[in-house]
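Here are some notes from a careful reading of the model, set out as numbered points. Please keep the sequence and the coordinates at hand while going through them.

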Amino acid sequence: MNAILDSQLMAERIESLKAGIIGGLSVCFAFANASLLNTLVLAKYFQTLACLQSDLNWHLWVSGAVASFTGFVFCVTYDYIIRFDKNPQLKAGGVNY
């Protein structure tokens, strides 16, 4: 019986890891699109937004990594909120679908 619980727990962890990876990649994609839009379009054609223009430097890479990690952690946390627990405090902050 303990082996069944262990396999269920491992399956839940794998599903949380999948959700986190998808969330991290989604935020990374959105960050890359916003950065390219700021650098290539907005900063070039609007003088007041010239401060948004940045080259491909370490600051941009660190910001992208932080954004991706934040998306990963958010999706893993949200996965735990919406799973079928009996904890009302977890359910109070999440939207079940």
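Is F74 buried or exposed, judged by its relative accessible area? The model is a predicted one, and within it F74 has a relative accessible area of 55%, which makes it exposed because the cut-off for that class is over 50%.

1. Confidence. Before any detail is discussed, it should be said that the mean pLDDT of the protein chain is 79, with 72% of its residues reaching 70 or more. Among the elements, helix α2 (residues 58-82) has the highest mean pLDDT, 87, whereas helix α3 (residues 88-92) has the lowest, 68. Where pLDDT is low, the predicted coordinates should not be read in detail.

2. Overall make-up. The protein chain has three helices and zero strands, and its elements run α-α-α from the N terminus on. Of its 97 residues, 16% count as buried.

3. Helix α2. This helix has 25 residues and reaches 36 Å from its first C-alpha to its last, which is close to the 36 Å expected at 1.5 Å a residue. Its buried residues are G64, A67, S68, G71, V76, D79, I81 and I82, so that each of these falls under 20% relative accessible area.

4. The aromatic pair. A search of the whole structure finds one aromatic pair. The ring centres of F74 and Y78 are 6.0 Å apart and the ring planes stand at 20°, so this pair is classed as stacked, the cut-off for that class being under 30 degrees. Both residues lie in helix α2, four residues apart, or about one turn of the helix. As for their surroundings, F74 is exposed at 55%, while Y78, at 24% relative accessibility, counts as partly exposed.

5. The salt bridge. The count of salt bridges comes to one, and it is formed by K18 with E15, whose closest N and O atoms are 3.1 Å apart; the pair qualifies because the limit is 4 Å. The two residues are three apart in helix α1, and are therefore separated by about one helical turn. K18 counts as partly exposed at 43% relative accessibility, and E15 is likewise partly exposed, with a relative accessible area of 43%.

6. Contacts along the chain and in space. K18, which lies in helix α1, also offers a comparison of sequence distance with spatial distance: K18 and V76 are 58 residues apart along the chain, yet their C-alpha atoms are separated by 8.6 Å. V76 is one of the buried residues of α2, whereas K18 is partly exposed. A second case is that of A30 and G64, which are 34 residues apart in sequence and 9.7 Å apart in space, C-alpha to C-alpha. A30 is placed in helix α1 and counts as partly exposed at 43% relative accessibility, while G64 is listed among the buried residues of α2.

7. The nonpolar patch. Which residues make the nonpolar surface patch of about 610 Å²? The patch is made by L36, L37, L40, V41, Y45 and F46. Of these, V41 can be placed in helix α1 (residues 2-45), and at 36% relative accessibility V41 counts as partly exposed. V41 can belong to the patch because the cut-off for membership is over 30% relative accessible area.

Conventions:
Residues are numbered from 1 along each chain as its sequence is written. This is a predicted model: local features need pLDDT of at least 70, side-chain atom pairs count only at pLDDT 80 or more; totals for chains, interfaces and linings use all residues. Side-chain values use heavy atoms; hydrogens and water are left out. Patches are made of residues with over 30% relative accessible area and no salt bridge: like charges are joined within 9 Å, nonpolar side chains (Val, Leu, Ile, Met, Phe, Trp, Tyr) within 5 Å. Accessible areas come from the Shrake-Rupley method with a 1.4 Å probe; for residues, only the protein chains shown count as cover. A salt bridge is a side-chain nitrogen of Lys or Arg within 4 Å of a carboxyl oxygen of Asp or Glu. Buried means under 20% relative accessible area, exposed over 50%, partly exposed in between (1.4 Å probe, protein chains only). pLDDT is the predictor's confidence in each residue, from 0 to 100. Rings of Phe, Tyr and Trp (its six-membered ring) pair if their centres lie within 6.5 Å; planes under 30 degrees apart count as stacked, over 60 as edge-to-face and the rest as tilted. The expected span of a helix is 1.5 Å times one less than its number of residues.
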